[in-house]
Amino acid sequence: MKQKLLTLLLALCLALTPLTPLTPAFAAEAPARDLSRETDMASGLKALGLFRGVSDYDFALDRAPTRAEALVMLLRLLGLESEALQENAAHPFTDTVSCRWADPYIGYAYSHGITAGLDAATFGGGAAADARTYLTFMLRALGYTEGPDGDFLWSAPYTLAKDIGLLPAQLRLSSFLRADAVTVSYAALAAPCKGETQTLGEKLVADGVVSAESFSDYYDPFAVQTGTVDETVAANVARFMRPYVTRGGIDISTLPISAKSGVLLIGDAGYEQYGFYARGAKMCAEQIGAAADALAGKARVFGIVVPNRLGAVLSYDDFDRLSSSSKNESEAIAYAYSNMGENTLCVDAVSNLRLHNDEYIFFRTDHHWTALGAYYAYEAWAETAGLTPAKLDSFSTLDMPGHLGLFYGMCGNPAVMKQNPDTVTAYIPSGNFSVDIYESATPRSGQLIYDYTNSAYKYGAFIGGDHPLTAITNHDIPDDSACVLVKDSYGNPFAVYLAQHYRTVYVIDYRYYKNLSGYRTFTQFADELGVDDFIVLLPMTLSQSEVTAGHLSRYCK
C-alpha cells in the first residue's frame, strides 16, 4: 500500500508552495470554539497510527498548523511515516533549524519529488499552512489532479473538496487550526479515491497499513456529517488514550521544592520519595498470582497497586526530573501486574487516579490518599469486576478539618503545612450496616465511619483504623455474597465502598491478621465461608517490600 500511495504522490508531484488565504462564501466563522469533537477525532486517528500531537497527550488543536506539520500530517495519514523515518534522506534547505524534528519527513518529501520548497534553499516550515494548502494536499493524495485540464484549480480546491465530503459544516476555513486539519484528515478516510469506489480508509485497510479491527474500533465514518463520534467508537478511543492522557500532572513550575527525611516538600504538599525495587515487586506480585492460581474456577482474585502522591499527581516529566527511579510508578505497577499471572484480575487504578489528579485525591500533610482518591480506585475496580459503582453523590459526607499527618512531622513541622492543614472527608453510605472488629477470638462492635473531628489523627475515622480482621455486614443485601479485602491502612476508606456490593466484606490487615488464632488462607475463606472475590490492595512502597511478600505468603494459597 505504501508503494502504491508513494507512486501516486510521485506522479502528482506535490509541491509545498506559499498560498494566500482564500475563504469561500460558504465558510462560517466561529471565534469561540469547542474542540471536543476534534479532540475525539484526533484521538481516533492517533489510535489508528495516522496522527500524533505535539506530545503523547497534547494535540495542540487550538493553533494553526505549520507547513512542516501539514506535510508530516499528510505522510502519517497515508501510512508513509515509518518509511520516511527509515530513509532519513537529506535535503538542501538551510532554514529548517526551527523544525529540525521534521528533517526526515522534509528530506523524504524532497527526495521523492513531493516538495520543492519555497526556493532552492528555503522550505518555510515554520510558516502557517492555510486551509487551501491542506485541502490541496488531501485532494492530490486521493488521486485528483489540479490545473485547467484537471479536477480542480489550485486557487479553488473548495468545490471538489465539498463534493467528496472533505468540507463538513463544522470545518472552519478562515483562521485554519490544527483542529480543522484533523477534521479534513478524518473526513478523507471516508472519501473516495479518484475513479474508485474504495475510500482512502478502506485502501489503508486493504494494504495493511491499518487493521480492519482497529479501523472498526476507532473510526466513525459518519462523524464528520453528524458532528459527534459514535458512543462505542468514542469509548474505544478513550480506553486507548487513557495511558497518554494521564501523563499530564499538576503545574509545580512556580512552587518551591525541598527534601527532608525521604519526603519532597513541593509548595505546601508532601510527596513520598520513591525508588523502584524489582525483586520485592515481583515477590509480592507472585504471591497474589499464586492465590489466583489456587482459586481458579472457585473465586476471583483482584490485584490493585496504588501509586503514592508522587506517582498520581505529578506529570511523568516532573516525576523523571525529581526521581532517580528506573521506572515511574505507572511503569512499576505495570511490571507488578505482569508478574501476577494470567488468573489475576489486575485493576488499573493508577490511570483513573491520574485522570483526576487535579482533585483532592491525596492529603498534603499525610502519606495516605483521601476517601475521594480511594473512590476513584474503587471505580476502576468496579469496572474490572463488571459491577456498577455506587455514585459518589449517593453518599452523605462528614468533613473533619485540621488534619496534620505523617509528612508534617517528617518535614520538620513546616509552617506552610500548619497554616493549611488537611480536611479528612468521609463518604457515608445509607443503609443498614453492622461492623465486627476482631483483635481476638471475641469481636467487638465497630462503625463504618467514626467522627474523628476532635482527634489529632483523623484518618482513623475509616472503619476505626487498622485491625487484624474487620467484618462488615450490609443487611440490605439478602444474598450470601462475600469478599475479602487484604490491605494495610490505604484500604480502610476503600472497604466502605466495597460494602455496597457484598453482604459481607472481610477486611484483613495482612500485617496483623496472622496474629489471630486460626486465621484463614484464601482457599479456606472460599471453602468455609463461600467467599466469591478476593481483593489485594497494596500501596506503592509496600507493594515492593519483601516483608509484605512474606506476610502475603501466609494467606495467598
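How do α3 and α8 run relative to each other: roughly parallel or roughly perpendicular? This predicted model gives an answer from the packing of the two helices. Helix α3 covers residues 67-77 and helix α8 covers residues 178-188. They pack at an angle of about 25 degrees. Angles under 35 degrees count as roughly parallel, and α3 and α8 are therefore roughly parallel to each other.

**Three helix pairs**

Two packed helices are described by the angle between their axes and the distance between the axes. The table sets out these values.

| Helix pair | Angle between axes | Axis distance |
|---|---|---|
| α3 and α8 | about 25 degrees | 11 Å apart |
| α3 and α6 | roughly 25 degrees | within 10 Å |
| α2 and α12 | roughly 80 degrees | within 9 Å |

**α3 with α8**

The crossing of this pair is right-handed. On the α3 side, E69, M73 and L77 make the contact. On the α8 side, R178, A181, V182, S185 and A188 take part. By class, the contact of α3 with α8 holds five nonpolar residues, one polar and two charged.

**α3 with α6**

Helix α6 spans residues 131-141. Its axis and that of α3 cross at roughly 25 degrees. That makes α3 roughly parallel to α6. This crossing, too, is right-handed. From α3 come A70, L71, M73, L74 and L77. They meet Y134, F137, M138 and A141 of α6. The contact of α3 with α6 has nine nonpolar residues, no polar and no charged. M73 and L77 of α3 take part here and also in the contact with α8.

**α2 with α12**

The axes of α2 and α12 cross at roughly 80 degrees. An angle of 65 to 115 degrees counts as roughly perpendicular, so α2 is roughly perpendicular to α12. D40, S43, G44, K46 and A47 belong to the α2 side of the contact. V237, F240, M241 and Y244 face them from α12. This contact divides into five nonpolar, two polar and two charged residues.

**The largest pocket**

Which elements give two or more residues to the lining of the largest pocket? They are α2 (36-47) and α12 (231-245). The largest share, seven residues, comes from α12. The pocket has a volume of about 270 Å³, and 16 residues line it. T39, D40, S43, M241 and V245 lie nearest its centre. Among them, D40, S43 and M241 also belong to the contact of α2 with α12. The lining counts 10 nonpolar residues, two polar and four charged.

How values were computed: Residues numbered from 1 in each chain as written. Predicted model: local features only at pLDDT ≥ 70, side-chain atom pairs only at ≥ 80, totals over all residues. Heavy atoms only, no water. 1 Å grid on protein atoms, 1.4 Å probe; cavity = no way out; pocket = protein on both sides within 12 Å on 5 of 7 lines; lining within 4 Å. Points joined across faces, edges and corners; volume = space filled by probe spheres on them. Helix = DSSP H or I, 4+ residues; strand = E, 2+ residues; numbered from the N terminus. Nonpolar A, V, L, I, M, F, W, Y, C, P; charged D, E, K, R; others polar. Axes fitted to C-alpha atoms, helices over the stretch in contact; angles between N-to-C directions. Parallel < 35°, antiparallel > 145°, perpendicular 65-115°, else oblique. Left-handed = near helix turned anticlockwise from the far one by under 90°. Contact = heavy atoms within 4.5 Å.
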